[in-house]
Structure formats: structure tokens, C-alpha cells
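The following exercises are to be worked with the sequence and the three-dimensional structure at hand. Each task is followed by a solution in steps.

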Amino acid sequence: GSRLQGPKQVPAGLRYCTNFITREEESEVLQVLDGPGAAWMRKIRRAQQFFGVVYYQTSQAVPELQPTTSSSQEAQEGRSLNELPEWLLPRVRSLGLFSQPGQGINQVLANEYLEDSGIGSHVEDPAAGPTIVTLSLLQPVQLTLQAAENGRPRHRDARDPEDYVKILLEPLSLLVLEGPSRLNFTHAIRQSKRVPLRDGRVLRREKNFRRVSL
């Protein structure tokens, strides 16, 4: 049936690649994000940095994160995509992603998660395209997926609290959501202090915890 049953059953269209980049390449990406030209926007608990088009899906009214067509051109555009390491986007495209006409990459969004910060259950707006890709840096975290209803999170009272799957997003890894995993499931990062790791250990998200994703 449609119920998720067991840790090995994940939604169709979900792909996960460990060690998509090296530690040296991670440092190169972080130098772009944190070095000269850094443009972190700290308007909500998570910080954002945009390359290309500026748009962030949030229920909070934050004009800086959600410019409209009436906003200035400067407000609608973040840093140039060309400021990212020259190998990054071609490597993503080498997986066959964003290769269809009209499906190019026009935005890369960096998110910074400190301590136990997370993001609520949501489905990306269809306008974001059929493919969502996440590159994880620095620290691991768990992503929780649950079945959506008509492209939106189910009402809290209608959710099965045991019907979910968790994906460990490790540093250097790449997550791809397409098809049902992109459109028919919500995803969230819960505000949990504990991150169970692959080897059975548990990482605690202390004050010095920092995860960055693109």
C-alpha cells in the first residue's frame, strides 16, 4: 500500500550519494559561503544565502526572502551562480539532472543550521521545478519524510506518527528528490538534539553544531 513500512522502503525518485564531493572541495565551497562576498541573511532562525534568483519558501512574511516582480532587480537577484566553484554545477548535471529543456539551474540556496535548528514539514512549491538537490556540508542531520496530501502536509490530526522514513544526510553527500519523493512527500528537519549515525553512535547537536546545505 501507500504506507511506509520499514526503514529500507523509501519513496520512488529519491537518490542518495555519499562522498559526492571531497573534504578539500567542501572547504572550497565554504570559502565561497563564508569568505569575502559572504551574504548570509539572518531573518529567521536559519540563515540563507542566495545564488541566482532570490526566493525562499516560508510561512513567515519576510520581504527580503520573498521578493515579488514589483521588487527592485537587486532584491530579486542574489550572488552570481558563477561565484560557486566552477566544478560544482557541472558535476550535478553529470548525473543527468537539470538536463531537460526549461529545467536549467537558476537558483542555488545555501542554508545554515546552528545547534538544534530545523525546518518544518513542507513540500516545495511546484514552481521550484521537478527536481530538488541537496548537498550537505560539515555536520550530519536526519531528514524526515512523510506522505503528503494534495501536495501539502497532512493536518496534524490526520498524520500517522509512526508512518515516516528518516534519511541520514551525511557531510559531503548529495540527496536528489524527483517524482513521488519530490511531489507526494513532505520533508522536514526536526529540532532534535540527537542524530543517530550509521555506525550506531549518536551525535549530540551542541552549541558548536553547524550544518550547511546547498
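## Exercise 1: Charged pairs

Glu-26 and Arg-23 are joined by a salt bridge in this predicted model, with 2.8 Å between the closest N and O atoms.

**Task.** Determine how Glu-26 and Arg-23 are separated in helix α1, and classify Glu-26 as buried or exposed.

**Solution.**
Step 1. The two residues are 3 residues apart in helix α1, so about one helical turn separates Glu-26 from Arg-23.
Step 2. Buried means under 20% relative accessible area. Glu-26 has a relative accessibility of 4% and therefore counts as buried.
Step 3. Arg-23, with a relative accessible area of 45%, is partly exposed.

**Task.** State which parts of the chain are linked by the pair Arg-210 and Asp-34.

**Solution.**
Step 1. A salt bridge joins the side chains of Arg-210 and Asp-34, at 2.9 Å from N to O.
Step 2. Arg-210 belongs to strand β12 and Asp-34 to helix α1; with their positions 176 residues apart, the pair links distant parts of the chain.
Step 3. Asp-34 counts as partly exposed, at 37% relative accessibility.
Step 4. The pair also belongs to a wider arrangement: a network of salt bridges links Asp-34, Arg-42, Glu-112 and Arg-210.

**Task.** Give the number of salt bridges in the model, and describe the one that Arg-204 forms with Glu-206.

**Solution.**
Step 1. The count comes to 10 salt bridges.
Step 2. In the bridge between Arg-204 and Glu-206, the closest N and O atoms are 3.4 Å apart.
Step 3. Arg-204 is partly exposed at 44% relative accessibility, and Glu-206 is partly exposed at 40%.

## Exercise 2: The nonpolar cores

**Task.** Identify the residues with the most contacts inside the largest nonpolar core, and name the element that supplies the largest share of this core.

**Solution.**
Step 1. The largest nonpolar core consists of 27 residues. Those with the most contacts inside it are Ile-21, Leu-33, Val-108, Leu-135, Leu-137, Val-212 and Leu-214.
Step 2. At least two residues of this core come from each of α1 (23-34), β2 (47-52), α3, β3, β5 and β8.
Step 3. The largest share, 4 residues, is supplied by α1.
Step 4. Leu-137 may be examined in detail. Residues up to four places away in sequence being left out, Leu-137 touches Ile-21, Glu-26, Val-29, Leu-30, Leu-33, Pro-171, Arg-211, Val-212 and Leu-214.
Step 5. Another core, of 15 residues, lies apart from the largest one; among its members are Tyr-113, Ile-132, Leu-169 and Leu-177.

## Exercise 3: The largest pocket

**Task.** Describe the largest pocket by its space, its lining elements and the classes of its lining residues.

**Solution.**
Step 1. The largest pocket holds about 1,100 Å³ of space.
Step 2. Its lining comprises 41 residues, of which Gln-107, Leu-109, Ala-128, Ile-132 and Val-133 are the closest to the centre.
Step 3. Two or more lining residues are given by each of α3 (88-93), β3 (107-114), β4 (119-122), β5 (132-137), β8 (174-177), β9 (185-189) and β12 (210-213).
Step 4. The largest share of the lining, 5 residues, comes from β3.
Step 5. By class, the lining contains 25 nonpolar, 13 polar and 3 charged residues.

## Exercise 4: Backbone and long-range contacts

**Task.** Asn-19 has a positive phi in a residue other than glycine. Locate Asn-19 and classify it as buried or exposed.

**Solution.**
Step 1. The phi value of Asn-19 is near 50°.
Step 2. Asn-19 is placed in the loop between β1 and α1.
Step 3. Exposed means over 50% relative accessible area. At 57% relative accessibility, Asn-19 is therefore exposed.

**Task.** Carry out the corresponding analysis for Leu-172, which also is a residue other than glycine with a positive phi.

**Solution.**
Step 1. Phi of Leu-172 is near 80°.
Step 2. The loop between β7 (165-169) and β8 contains Leu-172.
Step 3. With a relative accessible area of 6%, Leu-172 is buried.

**Task.** Establish where Gly-13 is found and which residues it contacts beyond its neighbours within four places in sequence.

**Solution.**
Step 1. Gly-13 is found in the segment before β1 (14-17) and is partly exposed, at 31% relative accessible area.
Step 2. Beyond those neighbours, Gly-13 contacts Val-176, Leu-177, Glu-178 and Ser-181.
Step 3. Gly-13 and Leu-183 are 170 residues apart in sequence, while their C-alpha atoms are 9.8 Å apart in space.

Terms used:
Residues are numbered from 1 along each chain as its sequence is written. This is a predicted model: local features need pLDDT of at least 70, side-chain atom pairs count only at pLDDT 80 or more; totals for chains, interfaces and linings use all residues. Side-chain values use heavy atoms; hydrogens and water are left out. On a 1 Å grid over the protein atoms alone, a cavity is a set of points where a 1.4 Å probe fits but cannot get out, and a pocket is an open set with protein on both sides within 12 Å along at least five of seven lines; lining residues have an atom within 4 Å of a point. Grid points are joined across faces, edges and corners, and a volume is the space filled by probe spheres set on the points. Ala, Val, Leu, Ile, Met, Phe, Trp, Tyr, Cys and Pro count as nonpolar, Asp, Glu, Lys and Arg as charged, and the others, Gly among them, as polar. A nonpolar core is a set of buried Ala, Val, Leu, Ile, Met, Phe, Trp, Tyr and Cys residues joined through side-chain atoms within 4.5 Å. Buried means under 20% relative accessible area, exposed over 50%, partly exposed in between (1.4 Å probe, protein chains only). Contact means heavy atoms within 4.5 Å. A salt bridge is a side-chain nitrogen of Lys or Arg within 4 Å of a carboxyl oxygen of Asp or Glu.
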